[in-house]
Every structure is written in C-alpha cells, then in structure tokens.
Amino acid sequence: MDTTARLLATPMGAALGQPVVVENRPGAGGSLGAGELARSAPDGHTIMVDALAHVVNPFVLRGLPFDYGTAFAPISEVVVLPQLLVVDPARVPAGSLAEFIAWAKGQPNLSYGSSGNATAAHLAAALFLQRAGLDIQHVPYRGGTAALQDMMSGSTAFVFGTVSSSVQLVRDGRLRALGVTTAARIPPLPDIPTIAEQGFPGYELNEWNGLYAPARTPAPVVQRLFEASTAALADGTVRQRLEALGAIPVGTDPATFAAYVTAQRAAMADIVRSARIEAG
C-alpha cells in the first residue's frame, strides 16, 4: 500500500494542482489508518489507500469504532496484485494443480504457510482448499518472505506468494508455480495457468489496493480524485514501476469500485466464516 500510495502521490498532485503527502498509519490490519480517515472531514483533502483487509476486517476484528460499510466513499480500485500457488519442486513431485491435489491427498500432516492470519495469502489458500476438498494445516508467518523461506526449507507444502516475491524464484527453477489467482493469466508468467482454468471455475482471490475518501464527500470531489488517480495510473513511469512489482494497474470509476467492494465484502464473509478464520 505504501508503494502504491507513493507512486500515485506525485502525479496525482500534479493533476490536482497541490502536493499529495503520504503518511503511514499501520496497525490492526490497516484499521487504525481507516479509523483516522473515518474521522476526517469529507472535503477531499484526506484520502486513503487500503488493501483487501478493507473487506476482511469487519469479520475478524471486534469493537471497531466505525463501520467499514458506511464510513467511506470508494474512489477507485487502483491496482490488483495477483498471487501464485508455489511449491518447492525438490520436495513436491507435482507439475500441475491436479497432480498436487492427488499428491496432497496421500500425504499425512501437511501444512502450508502464509503471510499471516486473514491476509490475502491465507484467504486464497483457504478458498482453494475448500474447493479442492483438502484439509491442510495453516501456519501463519510474519510476512510472505518468511513463509516462502520456510517452505523452501521443507517446513510447509505450499504458499500463495505475491508475484514480486515469487516470480524470479519461479524463473530460476527454485520454485514451481502451479496456478495464478487471477481470472486471466498474467503477463509476467503467461505460461502459468490460472487456478480457475484447472477445474475451479470462478476461482479468483487477489490482493488489491483501492482509494477511499470519507463518507459524505461530495460526488464532484470524489470524481475529481478519481480523475487524478486515473491520470496518475496513465503515467508511463508509474505503470512501469507498478508492473515491475507484479501489480496490474486498474483504475475503475467510483460506482464500479463501490459495487466491487460490496461484492468482495460478501465473498470474504463467506470464506472467513466457512474457514473459521480469525485475526492473529
């Protein structure tokens, strides 16, 4: 989120005719920063970049002083960050998702790593395991890099990793990618099939970053912020930097993004409940 915000800040400032300053407000899955935005004046001068946690937090965090469903005005989905289901080819004898599922069903006491409880990596794995009929123990780590390193040391069977953390390891042959979480194949790894096309139609679960203003921000102000973010995403340097990180620039309009947030909130609620996911 910090990288996305900082890449957008300068070109958005140029489009708006005023500086855009990025301030990190980490903690509690992003809910501390979201709480600050919820308390901000709805004048367009304070906005937020938030991630998938925006639609997950309501179901895993208790006692929030604001309602994620009513406290914000969606501006635009700015980027999608695909994930890869990766395994260590030296330890997992599977060249495809079907082979992995067949292998896993014959292995006792398997576990998988993720970047933490209720993260996109955890949710992607939980949805995949539900759809595949697999029962594999979750091991949360403090970040995706640690999860990948432990998998490569033989501690876990698979990880859903970001493209930025995994793509070079896949190209070097140190990891094998068995599927990508997007609806369509991704340019950095066009030969890797999606999970959806390997017998799981409709499967899609990515990390994503979106822009929000406080609720009751006037529609013309939201529209101006959307246009500024669209101009930023059209900047060639910004797109190049985002794509180098494995991110896919999007830039949906406020109405489309609002509908997407609503649909994602419902989908994440189903996964959290059925997988009994709790915040760590």
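**Reading a predicted model: a loop serine, a helix and a cavity**

Guide: Serine 155 is partly exposed, with a relative accessible area of 41%. Please keep in mind that this is a predicted model.

Visitor: Why is serine 155 called partly exposed?

Guide: Buried means under 20% relative accessible area and exposed means over 50%, with partly exposed in between. Serine 155 has a value of 41%, so it is classed as partly exposed.

Visitor: Where in the chain does serine 155 lie, and which residues does it touch?

Guide: Its place is the loop that runs between helix H6 (144-152) and strand E6 (159-162). Leaving aside residues up to four places away in sequence, serine 155 touches Ser111, Tyr141 and Asp150. One may also set sequence beside space: serine 155 and valine 139 are 16 residues apart in sequence, and their C-alpha atoms are 9.7 Å apart.

Visitor: How should I read a helix, for instance H10?

Guide: Begin with its length. H10 covers residues 254-275, which makes 22 residues, and it reaches 31 Å from its first C-alpha to its last, close to the 32 Å expected at 1.5 Å a residue.

Visitor: What is found at the two ends of H10?

Guide: At the N-terminal end, aspartate 253 acts as a cap, with a side-chain oxygen 3.1 Å from the backbone nitrogen of alanine 255. Just after H10, arginine 276 takes a positive phi of about 55°.

Visitor: Which residues of H10 are buried?

Guide: First, the general idea. An α-helix has 3.6 residues a turn, so residues three or four places apart point the same way. In H10 the buried residues are Pro254, Phe257, Val261, Gln264, Arg265, Met268, Ala269, Ile271 and Val272. Among the elements that cover them are helix H3 (53-60), strand E2 (72-81), helix H5 (120-132), strand E8 (207-214) and helix H8 (219-234).

Visitor: Is alanine 267, which is in helix H10, buried or partly exposed?

Guide: Alanine 267 is partly exposed, because its relative accessible area is 30%. In space, alanine 267 lies 26 Å from arginine 216, C-alpha to C-alpha, and the two are 51 residues apart in sequence.

Visitor: How many cavities of 30 Å³ or more does the search find, and what lines the largest cavity?

Guide: Searching the whole structure gives 1 cavity of 30 Å³ or more. The largest cavity has a volume of about 30 Å³. Its lining is made up of Leu81, Pro82, Thr162, Val163, Ser164, Leu245, Gly246 and Ala247. Sorted by class, that lining has 5 nonpolar residues, 3 polar residues and no charged residues.

Note on methods. Residues are numbered from 1 along each chain as its sequence is written. This is a predicted model: local features need pLDDT of at least 70, side-chain atom pairs count only at pLDDT 80 or more; totals for chains, interfaces and linings use all residues. Side-chain values use heavy atoms; hydrogens and water are left out. Helices (H or I, at least four residues) and strands (E, at least two) are DSSP runs, numbered from the N terminus. The expected span of a helix is 1.5 Å times one less than its number of residues. Buried means under 20% relative accessible area, exposed over 50%, partly exposed in between (1.4 Å probe, protein chains only). Contact means heavy atoms within 4.5 Å. A polar contact is a pair of N or O atoms within 3.5 Å; within protein, one must be able to donate a hydrogen and the other to accept it, and residues adjacent in sequence count only if both atoms are side-chain atoms. On a 1 Å grid over the protein atoms alone, a cavity is a set of points where a 1.4 Å probe fits but cannot get out, and a pocket is an open set with protein on both sides within 12 Å along at least five of seven lines; lining residues have an atom within 4 Å of a point. Grid points are joined across faces, edges and corners, and a volume is the space filled by probe spheres set on the points. Ala, Val, Leu, Ile, Met, Phe, Trp, Tyr, Cys and Pro count as nonpolar, Asp, Glu, Lys and Arg as charged, and the others, Gly among them, as polar.
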